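Trainee: Got a minute to go through this one with me? I'd like to start with the ligand.

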Amino acid sequence: MSCGAGARTEDAPASALSTRVDIALRGVRMTAPVRRTGGAGPSDDGHVTIGGLDAAVPMRADSPYLVREGRLTLDGADLGLDVTPVRRPAFYDLTTADGTPYEKVARLHGRDVLATTVVQTCVRYDPAERCRFCAIEESLTAGATLAVKTPAVLAEVAAAAVRLDGVRHVVMTTGTSAGTDRGARHLARCVRAVRAAVPGLPVQVQCEPPGDLATLGDLHRAGTSSIGLHVESLDDAVRRRWMPGKSRVPLADYWAAWAEAVRVFGRNQVSTYLLVGLGEDPDELVAGAQRLVDLGVYPFVVPFRPLAGTLAVDVDGAGAPSRELLEDVTRRVADVLRAGRMRGSDQMAGCAACGACSVLSQAGA
Ligand code: SF4
């Protein structure tokens, strides 16, 4: 095993992981200039580093964790961890020729990730169909983003983010389109444009499994480095309850797409989110993670977070998972990943490479 994240697990005190788990759920009392307040997926966080690792954590006035003079404290006690907010990037101050703020095109995540949702609408957004943890169209309704980002404008913003702020990789996700490609073709056009503007900048795309798996090869040829095909749960009953529209894509389609993606992109350049707290049996979740690792797919384990504007919160009143559950699953999946010699930091681009939304990096995976 080489240095870096692999060494952290053995060295880190057990309490560091427990603290990071607790912070992921209860947040910290501080302000951070780089925040994600909505959009696709399950997050609503401020971006900081904790003990040198990227972390996207809730900013909550009621958190028992207070950041004072850059140190994490609990009930006045210094917990031995530095917490540093990610600084506001300079590219946020720029606008396109037609006056669109760059910030509406793409956002900084962590210290060095440029993240964008290339199509901010989803064919599954009808309340009877949509994923209950998702708020992809809420930021569009609030005027915080554009419905569609063109390849040209993404290339312009990416070039500026690299030049001014040292961005090192890009995450492009998309709402699902009505076409059989489920949005992958527009992603490919966007990747090609960004790579032409900034040769060598790694890009991860995130989409549903395309109807024609040859599309994965098209994405790779466009210059995509890594891909996330996000299932969120491997339990069909959970999928039907939380993701009524998306659950109609059979799990078999995901396994076929993951296998083909690993063939095209390589082992550990493919990932999927697994959300903790949707009601999936933890043993089955960990067994599913083992199957994914065996195939070469990184299971990016992330806590479900209640996010205002989602059906999960506004209708269901769903809450976050318990600390015990999140820590148990994170530890066990981290063990599986280490045994399979897979680290998120070995992905060229994307969420596993960033790691901020998961506690896996704190667990050395
Ligand atoms: S893990 Fe993904 S969604 Fe979370 S901050 Fe990093 S790039 Fe953004």
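Mentor: Sure, terms first: Ala, Val, Leu, Ile, Met, Phe, Trp, Tyr, Cys and Pro count as nonpolar, Asp, Glu, Lys and Arg as charged, and the others, Gly among them, as polar. This is a predicted model, where local features need pLDDT of at least 70, side-chain atom pairs count only at pLDDT 80 or more, and totals for chains, interfaces and linings use all residues. Residues are numbered from 1 along each chain as its sequence is written, and side-chain values use heavy atoms, leaving out hydrogens and water.

Trainee: OK, how does the shell around the ligand divide into nonpolar, polar and charged?

Mentor: Eight nonpolar, two polar and one charged.

Trainee: And which residues come nearest the ligand?

Mentor: His47, His109, Cys351, Cys354 and Cys357, out of eleven around it (a heavy atom within 4 Å).

Trainee: Switching topic: how many disulfides in the whole structure?

Mentor: Zero, taking a disulfide as two cysteine sulfur atoms within 2.5 Å.

Trainee: Why is Cys190 without a bond to Cys207?

Mentor: Because its sulfur is 12 Å from the one in Cys207, the closest cysteine sulfur, and that's too far.

Trainee: Is Cys190 buried or exposed?

Mentor: Buried, at 0% relative accessibility; the cut-offs are under 20% relative accessible area for buried, over 50% for exposed, partly exposed in between, with a 1.4 Å probe and protein chains only. Cys131 is buried too, at 13%.

Trainee: What does Phe91 touch?

Mentor: Beyond its neighbours within four places in sequence, its contacts (heavy atoms within 4.5 Å) include Tyr102, Leu108, Val157 and Asp165.
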